[in-house]
Amino acid sequence: MAQLRAVAGDITRRDVDAIVNAANTSLLGGGGVDGAIHRAAGPELLEACRKLHGCATGDAKATAGFRLPAKWVFHAVGPVWHGGGHNEDELLASCYRRCLELAREHAVRSIAFPAISTGVYSFPLERATKIAIQTVRAHIEDSGVERVEFVCFNSDALLVYERLLTAGS
Ligand code: AR6
């Protein structure tokens, strides 16, 4: 049975096969976790991203991890929160599903996710966390992934993830 857990800290330091980036449709970098991943991976990551010609919201694309401990980066594009009536829930779930599909394609056994869309894109944290946990639980067995880390950059996120993981949400 796959293991899901919340961990505190910086996703760029995680020793896993793949880390997930909360990117934008250009895939050409940005702030938040995206900026941190590009800084830690080095300029080769931007070169690799240029060759992908962007990514639709709800989708994800893979590159190598370059200078990161992780072998792969899966660049997922979460939705911008517009109040909840613009398919935001489904688009966010789709990001997690697509990352697990990429995990299967690349034989990834361990993966770390940030809280996609909950920063600059303003998706409410608790609602996003429920979607993240439920979607990963629903698709993990098919993916071949054995270990999932939800990496929380601040203590609020860590408390929410720990509570909802324990609640079996
Ligand atoms: N490790 C783990 N989590 C982090 C890190 C880190 N190093 N840094 C920030 N977070 P955000 P979004 C958390 O804004 O809302 C970018 O400019 C952060 O606390 O990075 O999906 C992209 O290019 C929050 O909980 O991503 C897009 O334009 C979570 O990561 C846009 O932001 C996501 O926050 C995407 O916005």
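A polar contact here is a pair of N or O atoms within 3.5 Å; within protein, one atom must be able to donate a hydrogen and the other to accept it, and residues adjacent in sequence count only if both atoms are side-chain atoms. Before we dig in: this is a predicted model, where local features need pLDDT of at least 70 and side-chain atom pairs count only at pLDDT 80 or more, while totals for chains, interfaces and linings use all residues. Residues are numbered from 1 along each chain as its sequence is written, and side-chain values use heavy atoms, leaving out hydrogens and water.

**Exercise 1. Find the polar contacts of the ligand with Asn24, Thr118 and Tyr121.**

Step 1. Start with Asn24: an N or O atom in its side chain lies 2.7 Å from a ligand oxygen.

Step 2. Move on to Thr118, where a side-chain N or O atom is 3.1 Å from an oxygen of the ligand.

Step 3. For Tyr121, look at the backbone instead: one of its polar atoms sits 3.1 Å from a ligand oxygen.

Step 4. Now check the cover: on its own the ligand has 700 Å² of accessible area (Shrake-Rupley method, 1.4 Å probe), and the protein covers 90% of that.

**Exercise 2. Describe the shell around the ligand by element and by class.**

Step 1. Elements first (DSSP runs numbered from the N terminus: helices are H or I, at least four residues; strands are E, at least two). Those giving two or more residues to the shell are β2 (18-23) and α1 (32-41).

Step 2. Helix α1 supplies the largest share, four residues.

Step 3. Sorting by class gives 10 nonpolar, 10 polar and two charged residues. Nonpolar covers Ala, Val, Leu, Ile, Met, Phe, Trp, Tyr, Cys and Pro; charged covers Asp, Glu, Lys and Arg; the others, Gly among them, are polar.

**Exercise 3. Leu27 and His53 have positive phi. Is each one buried or exposed?**

Step 1. Take Leu27, in the loop between β2 and α1. Its phi is near 60°, positive in a residue other than glycine.

Step 2. Leu27 counts as buried because its relative accessibility is 1% (buried is under 20%, exposed over 50%, partly exposed in between; 1.4 Å probe, protein chains only).

Step 3. His53 belongs to the loop between α2 (43-50) and β3 (60-64), and has a phi of about 55° without being a glycine.

Step 4. His53 has 71% relative accessibility, so this residue counts as exposed.
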